[in-house]
Amino acid sequence: MKILDCDHLVIGAGLAGLSAALELSGHGRTVLCAKTDLSESNSSHAQGGIAVPIDGSDSIDAHLRDTLVAGAGLTDAAVAREIIAGGPARIADLERWGVRFERAASSSREADAAYDLGREGGHSVRRILHSGDITGAEVIRAMSAAARARPDIDIREHLMAIDLLTTGWLRIGGRDACLGAYFLDRKTGEILAVRAPHTILATGGAGKVYLYTSNPDSATGDGVAMAWRAGLPVRNMEFVQFHPTCLYHPQAKSFLVSEAVRGEGARLLNAAGKPFMHRYDPRGELAPRDIVARAIDHEMKSRGDDCVYLDITAKGRPFIRRRFPNIYATCLKFGFDMAKTPIPVVPAAHYFCGGVAADTAGRTPMEGLHAVGEVACTGLHGANRLASNSTLEALVCGHAAARDILAHPPPSVRKIRIPAWKTGNAVPSDEAVVVAHNWNEVRTAMWDYVGIVRTNRRLARALRRIANLRREIRAYYRDYLVTDDLLELRNIAAVGELVIRSAMLRRESRGLHYTLDYPAPVDSMCRDTLLHDLPGGGAI
Ligand SMILES: Cc1cc2nc3c(=O)[nH]c(=O)nc-3n(C[C@H](O)[C@H](O)[C@H](O)COP(=O)(O)OP(=O)(O)OC[C@H]3O[C@@H](n4cnc5c(N)ncnc54)[C@H](O)[C@@H]3O)c2cc1C
């Protein structure tokens, strides 16, 4: 088995991983790996932008207040203040690497003009820096180019981490420490190890745990699952944010239809063509995101429909084409002319507020392991994420993790022997259909029983299903040679179980967790859920 040695291993190349790798550059060799190519990640899909208190009329205190309101009692104020305060310096870095944020056209010299700041739900002022409606793609483009220009950053695409290598697993005494990770080279099928005294986990979110998601295919919660198997605590996994309107079409799996469409007067209709939002909230289509998502979910489940419809036909074609050129063109590509007919939409899993317990510098309880970005739970988001705070967190915490690593030079790990990957009696699988079937079963069970509205009975049913599936997957994992699909299946099942178990522990409704059995918040439950050492953690 091939072993790669480096000074720093960064697993994941979205905003968080790139931010860390660029700051580590100049201080040894960094291996930066991504499961696909650098252009595909949750970061590259970010449309709205990055929330930063950069305007004279704004302040850290005001941004903090909005973040605390969204977090519904669970945001850690000190953590949030630190992350918000770190934003402006990271924006300066991005501009140095060539990101162009939109500016108002009031000055003859573009660089002198004030930023054209966007406003999103929950923000009391305009504070969203953006590059059109493709901010994430623009930022990833610039950061990837900067990383590719650094000779000490060794970028490895299509390299998928399987599991962390730890001293505990190797039965080396002393405090548990991370030594790197095993990887599957997705192009060759080869297994290799990367050995490093410092590992940064920056693997992003887990939207693929659910049947419908705005996330790209790579978002399978690998980092959370790997950390859990390595014995690390995970926090607040029950808080999953659902976006109310994703286009419902088998090929348009992750296409978001922006809230701005409802902002411009679009109505939501059920499959019988009847408006329904007024029955759920006096604000109708303009109610907050979680209320709209919950209303759609209820309408679909109670009627047994697959989707609802978004109708903006009353605004006429010229307006729709001018105001929503990208959404209009994409819908048309899938056969829906939104100027003529309502378009089918469903809510979709969008963002995981929970993750590997970490501080603002990504420090975890395991020596040599940092976790940053969506994979981590720092306490910034609490029970609900304020729009555009996650790109901010990824940038600030990625950078802080690198600074923390550079401030604490590690002992060398080069002499530690890494055992070759054991395939045992495993044979190539000729039953891809089993993996595909189980993928669907996990995602459907999570969607039907652990979605936007939960109950004790649905959670118990989901846990039984997922526990059975995990047993089956474990046997399959032992008997067949690993493939990327099997590894991802193993991870979405593990993350699914973590979400269910966290949701079972929260006997109240708070933020993004809503259960019919406990429909109100309960003061004594206003604390984080922490899962550690569950049965099955560490087992596969
Ligand atoms: C459609 C959409 C729109 C959004 N809009 C906004 C917005 O406007 N503002 C905002 O603040 N947030 C937004 N978000 C959320 C935000 O984009 C993410 O939370 C944030 O960018 C996450 O960054 P990250 O670096 O942690 O993870 P990601 O950007 O997801 O990067 C993860 C990286 O890890 C790699 N990886 C994963 N697993 C493995 C593995 N096993 N081995 C090796 N590599 C692995 C991936 O290949 C990828 O490179 C949006 C999300 C989506 C999906």
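Q: What makes the pair formed by a backbone N or O atom of Lys 35 and an oxygen atom of the ligand a polar contact?
A: A polar contact is a pair of N or O atoms within 3.5 Å, and within protein one atom must be able to donate a hydrogen and the other to accept it, while residues adjacent in sequence count only if both atoms are side-chain atoms. The backbone atom of Lys 35 lies 3.1 Å from the ligand oxygen, so the distance falls within the limit and the pair counts. This is a predicted model, in which local features need pLDDT of at least 70 and side-chain atom pairs count only at pLDDT 80 or more, whereas totals for chains, interfaces and linings use all residues. Residues are numbered from 1 along each chain as its sequence is written, and side-chain values use heavy atoms, with hydrogens and water left out.

Q: Why do Ala 161 and Arg 385 also count as making polar contacts with the ligand?
A: A polar backbone atom of Ala 161 is 2.8 Å from a nitrogen atom of the ligand, and a polar side-chain atom of Arg 385 lies 3.2 Å from a ligand nitrogen. Both distances meet the rule for polar contacts, so both pairs are counted.

Q: How much of the ligand's area does the protein bury?
A: Taken alone, the ligand exposes 1,000 Å², and the protein buries 97% of that, with areas computed by the Shrake-Rupley method with a 1.4 Å probe (for residues, only the protein chains shown count as cover).

Q: Which elements give two or more residues to the shell around the ligand?
A: They are helix H1 (15-24), helix H2 (42-45), strand E7 (159-166), strand E15 (343-352) and helix H12 (389-407), where helices (H or I, at least four residues) and strands (E, at least two) are DSSP runs numbered from the N terminus.

Q: What makes a residue part of the shell around the ligand?
A: One of its heavy atoms must lie within 4 Å of the ligand. By this rule 37 residues surround the ligand, and the closest are Ser 43, Gly 48, Asp 222, Glu 374 and Thr 391.

Q: Why is the pair of Trp 169 and Tyr 182 called edge-to-face?
A: Rings of Phe, Tyr and Trp (its six-membered ring) pair if their centres lie within 6.5 Å, and planes under 30 degrees apart count as stacked, over 60 as edge-to-face and the rest as tilted. By this rule the count comes to seven aromatic pairs. The ring centres of Trp 169 and Tyr 182 are 5.9 Å apart and their planes stand at 85°, so this pair is edge-to-face. The pair also links distant parts of the chain, with Trp 169 in the loop between E7 and strand E8 (178-185) and Tyr 182 in strand E8, 13 residues apart.

Q: Why is Tyr 182 called buried?
A: Buried means under 20% relative accessible area, exposed means over 50%, and partly exposed lies in between (1.4 Å probe, protein chains only). Tyr 182 has a relative accessible area of 2%, so it is buried.

Q: What makes the pair of Tyr 212 and Trp 447 edge-to-face?
A: The ring centres are 4.9 Å apart and the planes are at 85°, so the pair fits the rule for edge-to-face. Tyr 212 belongs to the loop between strand E10 (198-201) and helix H7 (222-229), and Trp 447, 235 residues apart from it, to helix H13 (residues 432-449). Ring pairs link both residues with Tyr 210, Phe 242 and Tyr 248 into a cluster.

Q: Are Tyr 212 and Trp 447 buried, exposed or partly exposed?
A: Tyr 212 has 22% relative accessibility, so it counts as partly exposed, whereas Trp 447 has 6% and therefore counts as buried.

Q: Why is the charged end of Lys 315 said to sit over the ring of Phe 319?
A: A charge sits over a ring if NZ of Lys or CZ of Arg is within 6 Å of the ring centre and within 35 degrees of the ring normal. The charged end of Lys 315 is 4.8 Å from the centre of the Phe 319 ring, and Arg 461 lies over the face of Tyr 449 at 5.6 Å from the ring centre.

Q: Why does Thr 245 count as buried?
A: Thr 245, in strand E12 (residues 240-247), has 0% relative accessibility, so it counts as buried. A polar atom of its side chain lies 2.7 Å from the backbone oxygen of Val 257.
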